[in-house]
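Here is a friendly walk through one protein model. Have the sequence and the 3D view open as you read.

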Amino acid sequence: MIFGDKNIFAIEIEQGNTDIKGHMILWFKGVPIGNNKRQGEFIHAIFDFRKFHKTKYQLYENCFSKMSAKDIFEYSLAENLIFNDKHEDLDEAQRRQVYTRFLGDQFDNSYSFISLFKDGIITWIIWRFKNKKDEYSSCEISIEDFDKTTTEFTDWFNLKLAYRYPSYNP
């Protein structure tokens, strides 16, 4: 199943044997991100889309305009702050976690995502790590295209799978 437009932004899924798990591929302007090697629960993506909408106005800092995709990842992951003993450094590292997207286990061991939001545009920064070779890329999509795609996916989830999660509130 495909939600959205592959040439703009789309979510492609294939349900697995348990229905709640399956494969997910993200499409950014005709480029697929992901593979069909590992399955994950779709609810993680639903929760992350909610998180994005609650935090989108916090997803940009002026320093990003002078940073590369790799620099933004390093800033957001804040490993230099996490391994510090200062309480204020740990607080800052936790604050920066807002940029991180978690769409499910199906992307683990291959991809990591960060998103920024400014002037109605979402910048997805994608870190592909495989065979000890780091690759960084980014793609911009409008909030309208993101909303259209994620709403289609969420509506499908709410209709087909939400009942499997008693504590989930559509």
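Contact here means heavy atoms within 4.5 Å of each other. With that in hand, start at Ser76: leaving out residues up to four places away in sequence, Ser76 touches Arg96, Gln97, Tyr99 and Ile114.

Before going on, some ground rules. This is a predicted model, where local features need pLDDT of at least 70 and side-chain atom pairs count only at pLDDT 80 or more, while totals for chains, interfaces and linings use all residues. Residues are numbered from 1 along each chain as its sequence is written, and side-chain values use heavy atoms, with hydrogens and water left out.

Back to Ser76, which sits in helix 2. Helices (H or I, at least four residues) and strands (E, at least two) are DSSP runs, numbered from the N terminus. Is Ser76 buried or exposed? Its relative accessibility is 1%, so Ser76 counts as buried. The cut-offs are under 20% relative accessible area for buried and over 50% for exposed, with partly exposed in between (1.4 Å probe, protein chains only).

**The strands**

Two strands pair if DSSP finds at least two bridges between them. Strand 1 (residues 2-5) pairs with strand 2 in the antiparallel sense over four bridges, and a hairpin of three residues links strand 1 to strand 2. Strand 2 also pairs with strand 3, again antiparallel, over seven bridges. That second hairpin has five residues between its strands, and Asp19 in the turn has a positive phi of about 70°.

Further along the chain, four strands make an open sheet in the order 6-7-8-9, with antiparallel pairing. Strand 6 (100-101) and strand 9 are the edge strands, each pairing on one side only. Inside the sheet, strand 7 and strand 8 run antiparallel and are joined by eight bridges.

If you'd like to find the partners by eye, here are some residues that face each other across paired strands.

| Residue | Stands opposite |
|---|---|
| Gly4 | Ala10 in strand 2 |
| Glu12 | Ile25 in strand 3 |
| Tyr111 | Arg128 in strand 8 |

Ser138 is a handy stop in strand 9. Not counting residues up to four places away in sequence, Ser138 touches Thr123, Trp124 and Ile125. Now look from Ser138 to Leu159: they are 21 residues apart along the chain, and their C-alpha atoms are separated by 32 Å.

**Helix 5 and helix 1**

Helix 5 lies across strand 7, strand 8 and strand 9, running at about 95° to strand 9. Axes here are lines fitted to C-alpha atoms, for helices over the stretch in contact, and angles run from 0 to 180 degrees between N-to-C directions. Helix 5 has 18 residues and reaches 25 Å from its first C-alpha to its last, close to the 26 Å expected at 1.5 Å a residue. The expected span is 1.5 Å times one less than the number of residues.

Which residues of helix 5 are buried? They are Ile143, Phe146, Thr149, Thr150, Phe153, Thr154, Trp156 and Phe157. Seen down the axis of helix 5, these buried residues fall within an arc of 165°, so they line one face of the helix. The arc is that of the directions from the helix axis to the C-beta atoms. On the face turned away from that buried side, helix 5 carries the exposed residues Glu144 and Leu159.

Helix 1 has 13 residues that should span 18 Å at 1.5 Å a residue, and its end C-alpha atoms are 18 Å apart, which agrees. Among its buried residues are Ile43, Ile46 and Phe49.

**The core**

A nonpolar core is a set of buried Ala, Val, Leu, Ile, Met, Phe, Trp, Tyr and Cys residues joined through side-chain atoms within 4.5 Å. The largest one has 45 residues, and Leu26, Phe153 and Phe157 touch the most other members. Several elements each supply at least two residues of this core, including strand 3 (21-28), helix 1 (43-55) and helix 5 (143-160). Phe157 touches Phe42, Ile43, Ile46, Ala162, Tyr165 and Tyr168, not counting residues up to four places away in sequence.

**Two unusual backbones**

Most residues other than glycine have a negative phi. Ala78 has a positive phi near 50°; Ala78 is found in the loop between helix 2 and helix 3 (79-82) and is buried, with a relative accessible area of 0%. Asn109 has a positive phi near 70°. Asn109 is found in the loop between strand 6 and strand 7, and is exposed at a relative accessible area of 59%.
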